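Trainee: Please take one part of this model and go through it closely, strand by strand, then carry on to whatever it leads to. I would like the cut-offs stated along the way.

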There are 2 protein chains.
Amino acid sequence: MTYIQSSAAESPRALRRDEQRFVPLPFLTSCEHTQRRLNKEMSIRHFEAGETLQVRGCCHHRIHIILQGTATLSTSLPDGRTQILRLLMPSDLIGRLGSETTRYDVTAISDVMAGSISRHEFESLLRISPEMTRRVLHSTLRELDEARDWLLLLGRKTAIEKLASFLLTLQRRSQNLRPNLVRLPLCQFELADLLGLTHETISRQLANLRDQGVIECHGPRQIEILDIDSLVDMSGGEIDECDISYVMQ
Amino acid sequence: MTYIQSSAAESPRALRRDEQRFVPLPFLTSCEHTQRRLNKEMSIRHFEAGETLQVRGCCHHRIHIILQGTATLSTSLPDGRTQILRLLMPSDLIGRLGSETTRYDVTAISDVMAGSISRHEFESLLRISPEMTRRVLHSTLRELDEARDWLLLLGRKTAIEKLASFLLTLQRRSQNLRPNLVRLPLCQFELADLLGLTHETISRQLANLRDQGVIECHGPRQIEILDIDSLVDMSGGEIDECDISYVMQ
DNA sequence: CGGAATCTTGATCAACTTCAAGCGTCGTGG
DNA sequence: CCACGACGCTTGAAGTTGATCAAGATTCCG
């Protein structure tokens, strides 16, 4: 992983002092030339929580790479029902390679720092660097797997199974000191839009888990998993994180 | 598009005589060398309707490219609930690039003819040919868009909206002489697994559409769309086929 | 013709939504 | 510093959708 220096002039908001200086920059290749060009062309942008990074159906000219913070990728029906398609985390790409127009909405749900680069620039880098193309292909394939796992969750799981599955995903993903202490990156409204439920159902099922002693809530967003085995049972069968060996490098 | 000749010795089953001779072979590049090697390494295989092409969680060594026929990509929970993730049609890849193990099941729902090539061979072709890699990336991005559109359908649409949306997708995709005559590639059980419903609900909602005069059924699998505007209204807002301009060639 | 698979229809039921009201917390402005 | 409103969360009651269970009808094929 290579790093880019974030200049002090760009005044990151709500980012801790010691996090400001160096930012991991993904998709960099071993090729010096490509790397220099990516460094040169990419600028750092900051977005506040709640800010819109992308609106679907719009012409877009810049690709963003999340460096810090979380955003949602979402879409909705004309009557307002919305579905969150994915949480975007550091190293995720925002924008649609190969298309003039975006297809989904992107909204920051925490303060977000992102690398910004012109889409044409990024695409011409891909044309130059087969290695970078392979890396992007690779991460796209992983996103596709994730989306497909989510299809099973949305199409076939019950409310409690959806919630249990999601908590387990969070737990797996978090590299906390206390691995069973999970911080919800979303409020219950957003959680509902992610799991295809209503916020009332989310609240009730969380209470349900709490009453059964499976979780304990420390504040509205801090959840401690007390009984992970029960949670696994209630998730209706987890799709194991497949150990994808990275043959494609 | 380049073509490969299907040798008579391989005796395709249930494929019409005039379809047997030449098969479109996708992902071919303008590079002569790559093309020759792909031609050389790929063999033709036939699968009968109902046959399993891939089981999830298994080690896999061969990539298949569907040349004719339809298969389903699916996954299921331990208790048997299953979700069909996508219909696989000609030019779709079967297998997971970059991973030793498969993640989903693939089942033929009609007789299928597929090109078969060793995964390592295919991956080393990708390493050689940046153009081919870009094409695969491109089609993966499109699959990702499709999967995400399906997330909205499964998470937020009602039964009738799901069915209407699917019929419209079929209609859009079919290049029939009579564009409003749609052939269902699936039985109602499979349709249920695709739309996240039960087969009884499918049957009832089809009857519903029939009673309202929106569709007319000619046999169990032939559906004529009588009132496409109503169908669009009932679909709860279609995601427009975005006109992705192929900037990435 | 017989049997399996598929489709249809009805009755009942459960899960989840909808609607409604109330509570706690936080931030802002008087 | 307190009051107020916005927002997020909780809980209850009622309503709907779609699932489940069950029984037939139809089609398909050997």
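Mentor: In this predicted model, β3(A) and strand β10 (residues 112-118) of chain A run antiparallel and are joined by five bridges. Strands here are DSSP runs (E, at least two residues) and helices are DSSP runs too (H or I, at least four residues), both numbered from the N terminus. Two strands pair if DSSP finds at least two bridges between them. Within this pair, A:Ser43 has A:Ser116 of β10(A) as its bridge partner. The pair belongs to an open sheet of four strands in chain A, ordered β3-β10-β5-β8 with antiparallel pairing. β3 (43-47) and β8 (93-94) of chain A are the edge strands; each has a single partner strand, so one side of each has no neighbour in the sheet. In a regular strand, side chains alternate between the two faces of the sheet.

On the ground rules, residues are numbered from 1 along each chain as its sequence is written, while chains are lettered from A and ligands numbered from 1 in the order in which they are written. Because the model is predicted, local features need pLDDT of at least 70 and side-chain atom pairs count only at pLDDT 80 or more, whereas totals for chains, interfaces and linings use all residues; side-chain values use heavy atoms, with hydrogens and water left out.

Chain B has strand pairs to look at as well. Strand β4 (residues 52-54) of chain B runs antiparallel to strand β9 (residues 105-108) of chain B, with two bridges between them; B:Gln54 is bridged to B:Val106 of β9(B). β9(B) also pairs with β6(B), again antiparallel, over four bridges, and there B:Ser74 has B:Asp105 as its partner.

β6(B) leads on to the contact between the two protein chains. That contact (heavy atoms within 4.5 Å) takes 59 residues from chain B and 59 residues from chain A. The buried area, meaning the accessible area (1.4 Å probe) that two parts lose on being put together, summed over both, is about 5300 Å², and carbon and sulfur atoms give 59% of this. B:Arg103, B:Arg148 and B:Arg156 supply 15% of what chain B buries against chain A, more than any other three residues.

There are twelve salt bridges between chain B and chain A, where a salt bridge is a side-chain nitrogen of Lys or Arg within 4 Å of a carboxyl oxygen of Asp or Glu. One of these joins B:Arg96 to A:Asp145, with the closest N and O atoms 2.8 Å apart. Residue pairs in polar contact between the chains number 22, both residues being at pLDDT 80 or more. A polar contact is a pair of N or O atoms within 3.5 Å; within protein, one must be able to donate a hydrogen and the other to accept it, and residues adjacent in sequence count only if both atoms are side-chain atoms. The elements of chain B that give two or more residues to this side are β6 (71-76), β7 (82-88), α2 (119-128), α3 (130-156) and α5 (188-195). α3(B) supplies the largest share, 21 residues. By class, the side of chain B has 25 nonpolar, 15 polar and 19 charged residues, with Ala, Val, Leu, Ile, Met, Phe, Trp, Tyr, Cys and Pro counted as nonpolar, Asp, Glu, Lys and Arg as charged, and the others, Gly among them, as polar.

Next come the DNA strands. DNA strand D is surrounded by 16 residues, the closest being A:Gln188, A:Ser203, B:Ala159, B:Thr201 and B:Arg204; near means that a heavy atom of the residue lies within 4 Å. Of the strand D atoms that come within 4 Å of the protein, sugar and phosphate account for 63%. A backbone N or O atom of B:Ala159 is 2.7 Å from a phosphate oxygen of strand D. On the base side, a side-chain N or O atom of A:Arg204 lies 3.0 Å from a base nitrogen of strand D. The largest share of the surface near strand D, five residues, is from α6(A).

DNA strand C also has 16 residues around it, with A:Ala159, A:Thr201, B:Gln188, B:Ser203 and B:Arg204 the closest. A phosphate oxygen of strand C is 2.7 Å from a polar backbone atom of B:Gln188, and a base nitrogen is 2.9 Å from a side-chain N or O atom of B:Arg204. Here α6(B) gives the most to the surface, six residues.
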